[in-house]
Amino acid sequence: MKVYLDNNATTIVDPNVFEVMEPFFVQKYGNPNSLHAFAGETHPHIKTAMTKIYAGINANTKDSVVITSCATESNNWVLKSIYFEYILTGKKNHIIISEVEHPSIMATARFIESMGCKVTYLPINSEGLITAQSVRDSITSKTALVSVMWANNETGAIFPVEEIGQICEEHNVLFHTDAVQAIGKLPVNVQSFNVDYLTFSAHKFHGPKGVGALFMKKGKELIPLLHGGSQMGGYRSGTLNVPGIVGMGKAIEQAVDALDFEMSEIREMRDDFEDALLEIPDTFVVTPRRNRTPNTILISFRGIEGESMLWDLNREGIAASTGSACASEDLEANSVMEAIGADEDLAHTAIRFSLSRYTTQEELDHTLEVVKKAVTRLREISSSYAYTPEGHESGLTAGH
Ligand code: 7TS
């Protein structure tokens, strides 16, 4: 049995999405910016898809939703443009991010920091959460931007973006949120709170890879990152990824339709699976369920290297992760586990299971059996693990 539980890294393309994309490879392949019928026949499809994408986040028609190549590009765009417009010109000198942002924010922040921008890295607490108060406390008259992810990709922790947005509005500071892990898992409505920029990416909600977007509120448009042509209203040059745009339109429409299912059925399956995993002695989950996306579990099995567990799971056809695929080649401790202050031992034991609307009960039952066997086997050979009935001092809360 093959089981895919790495949906925070990427998701299967929904067959309906694939179907609507297919004609744009070998039939309707014209460049939309050309002046002939091959171009013209793509226009209504792009328009329909863009309407769905605007509807998917409830953007106003006057706002800009600019298609990019991925969330990484959207995130780079926001920070670098803010740097060029506000920091380099001396108008402001400071941005605020959390210490558990995706590398596309983190590394970009470090880059602009090396160019003279001051960066505040907001800490997370023992539950993997940041507080809106810490944002309030960090804002100065020189703060240009706050960029805080909506939901964390490792723990699923949901950050208080509505409150943060309000604080930013009060202080006249721009607010960006990376909503990659929110779309399809939480209601996302850019008109229901103050947000100037919002990033998302199609392949996280059963759309294709290589297509993302940046929402920019009217009046808050950024200078382009990619100069060259007049595509996307002049905000982002490069020939339009027509199949990608059409696919993202269908995918976001379906993600919004499936939201209730995700927030009820998938959440329930996740909770039951998590309860069963937590029955294994010496297991810990960081973020409480009430503050978490419905599909995610980051769990530690004391005494077991995450990579060893992945190996055992993989041998049985099960795909999970030790954290972000973006960092998985360097065998480092999980960054969120480190940020909450878990000891070195425990920080290396985190495994992320992320479900999707395609996950079945049978798959989770199978995974549970394999995990139990793997835990027994790996703890037997573990040099650092000795089971005591009282358990260990974990410094972590159980995930209920
Ligand atoms: N932002 C967040 C919050 C993410 O989780 C990811 C991908 C990205 C940005 C980058 O998206 P992309 O469109 O550029 O691919 N996160 C993960 C992950 O958790 N495991 O693998 C990729």
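So, a salt bridge, for today, is a side-chain nitrogen of Lys or Arg within 4 Å of a carboxyl oxygen of Asp or Glu. Keep that cut-off in mind, because the pairs I'm going to show you are judged by that 4 Å limit. And before anything else: what you have on screen is a predicted model.

Okay, salt bridges. How many salt bridges does a search of the whole structure find? The search comes back with 16. I'll walk through three of them.

Start with R270 and D271. Their side chains meet in a salt bridge, at 2.9 Å from N to O. Is this pair, R270 and D271, buried or exposed? Both residues are buried.

Next, D312 and R315. The closest N and O atoms here are 3.6 Å apart. Why are these two positioned to meet? They sit three residues apart in helix α11, which runs over residues 306-315, so about one helical turn separates them. Now look at how the two ends are placed. D312 is buried, at 5% relative accessible area, whereas R315 is exposed, at 52%. While we're on salt bridges, go back to R270 for a second: bridges that share partners tie R270, D271, E274, D275, R289 and R292 into one network.

Third one: K217 and D196. The closest N and O atoms are 3.9 Å apart, and the cut-off is 4 Å. This pair links distant parts of the chain, with the two positions 21 residues apart in numbering terms. K217 is in the loop between β8 (212-216) and α9 (242-257), while D196 is in the loop between β6 (174-178) and β7 (197-201). As for cover, K217 is partly exposed at 23% relative accessible area, and D196 is buried at 1%.

Let's stay with α11 for a bit, since D312 lives there. Which residues of α11 are buried? Those are G306, M309, D312 and L313. If you look down the helix axis, these buried residues fall within an arc of 125°, so they line one face of α11. Turn to the face pointing away from that buried side, and you'll find the exposed residues W311, N314 and R315. So R315, the exposed partner in our second salt bridge, belongs to that outward set.

And what do the buried residues of α11 pack against? The list is β10 (296-301), β11 (318-319), β12 (350-354) and α14 (361-381). For D312 we can get down to individual residues. Leaving aside neighbours within four places in sequence, D312 is in contact with V370, A374, R377 and L378. After α11 comes G317, which has a positive phi, near 85°.

Speaking of positive phi, there are a couple of non-glycine cases you may want to click on. N58 has phi near 55°. You'll find N58 in the loop between α4 (43-57) and β2 (64-68), partly exposed at 34% relative accessibility. Then there's D282, with phi near 60°, again a positive value in a residue other than glycine. D282 is in the loop between α10 (259-278) and β9 (283-285), and D282 is buried, with a relative accessible area of 9%.

Over to the surface. F84, L88 and I223 form a nonpolar patch there, and together they have about 280 Å² of accessible area. F84 is in helix α5, residues 71-87, and at 44% relative accessibility F84 counts as partly exposed.

Last topic, cysteines. How many disulfides does the whole-structure search find? Zero. Take C117 as an example: C117 is in no disulfide, and the nearest cysteine sulfur, on C168, is 15 Å away. The cut-off for a disulfide is 2.5 Å between the sulfur atoms. C117 is also buried, at 3% relative accessibility. C70, on the other hand, is partly exposed, with a relative accessible area of 25%.

If you only rotate to one spot afterwards, go to α11: buried residues along one face, W311, N314 and R315 on the face turned away, and the D312 to R315 salt bridge at 3.6 Å. That's it from me.

Technical notes:
Residues numbered from 1 in each chain as written. Predicted model: local features only at pLDDT ≥ 70, side-chain atom pairs only at ≥ 80, totals over all residues. Heavy atoms only, no water. Helix = DSSP H or I, 4+ residues; strand = E, 2+ residues; numbered from the N terminus. Buried < 20%, exposed > 50% of the residue type's maximum accessible area, 1.4 Å probe, protein only. Arc of directions from axis to C-beta. Contact = heavy atoms within 4.5 Å. Patch = residues over 30% accessible without salt bridge, like charges linked within 9 Å, V, L, I, M, F, W, Y side chains within 5 Å. Areas by Shrake-Rupley, 256 points an atom, 1.4 Å probe, with all protein chains shown as cover.
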